[in-house]
Amino acid sequence: MEPRKSVLSRITVVWEDQTGPRSQEGMLEDRSRSGAGISVNKPISVGTRVTIRGKRCELLGIVRYCRREEFRYFVGIQSDTVDDVTWGQLRCLSVAVEQGL
């Protein structure tokens, strides 16, 4: 298991399902070299391709799990690619929002 960094940053998650385009606000909870953990109010189906948007950057990935935790859902997102660019995007999502950029 790879190391995760805890962060709390506001994000928007965007995806499409059988009903069309969808989005919801959420929180970036943690990040690792290969993806991120987010929390949202409504579940997102496993296998769904999503875009996580911060104020200045975004990350593309696939939902690997979605589990209910009290009043929210914790969603694991695996990045489409695992490289230094992806790591930079994840870092940008957490740092930009934390700094109010």
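**Exercise 1.** Which residue in strand 6 does Gly61 stand opposite?

*Solution.* Start with the ground rules. The model is predicted: local features need pLDDT of at least 70, side-chain atom pairs count only at pLDDT 80 or more, and totals for chains, interfaces and linings use all residues. Residues are numbered from 1 along each chain as its sequence is written, and side-chain values use heavy atoms, without hydrogens and water.
Next, find the strands, which are DSSP runs of E, at least two residues, numbered from the N terminus. Strand 5 covers residues 58-69 and strand 6 residues 72-79. They run antiparallel, joined by eight bridges. Pairing requires at least two DSSP bridges. Opposite Gly61 stands Ser79.

**Exercise 2.** Give the order of the strands in the barrel.

*Solution.* List the elements from the N terminus: β-β-β-β-β-β-α. A helix here is a DSSP run of H or I, at least four residues. The six strands form a closed barrel, in the order 1-2-3-6-5-4, with antiparallel pairing. Neighbouring strands are turned by 45° against each other on average, direction ignored; the axes are lines fitted to C-alpha atoms.

**Exercise 3.** Which strand gives the most to the largest nonpolar core?

*Solution.* Define the core: buried Ala, Val, Leu, Ile, Met, Phe, Trp, Tyr and Cys residues joined through side-chain atoms within 4.5 Å. Buried means under 20% relative accessible area (1.4 Å probe, protein chains only). The largest core has 16 residues. Strand 1 gives the most, with four residues.
Now take Ile44, among the members touching the most others. Beyond neighbours within four places in sequence, Ile44 is in contact (heavy atoms within 4.5 Å) with Val13, Trp15, Gln24, Val50, Val63 and Cys66.

Note on methods: Axes are lines fitted to C-alpha atoms, for helices over the stretch in contact, and angles run from 0 to 180 degrees between N-to-C directions. Buried means under 20% relative accessible area, exposed over 50%, partly exposed in between (1.4 Å probe, protein chains only).
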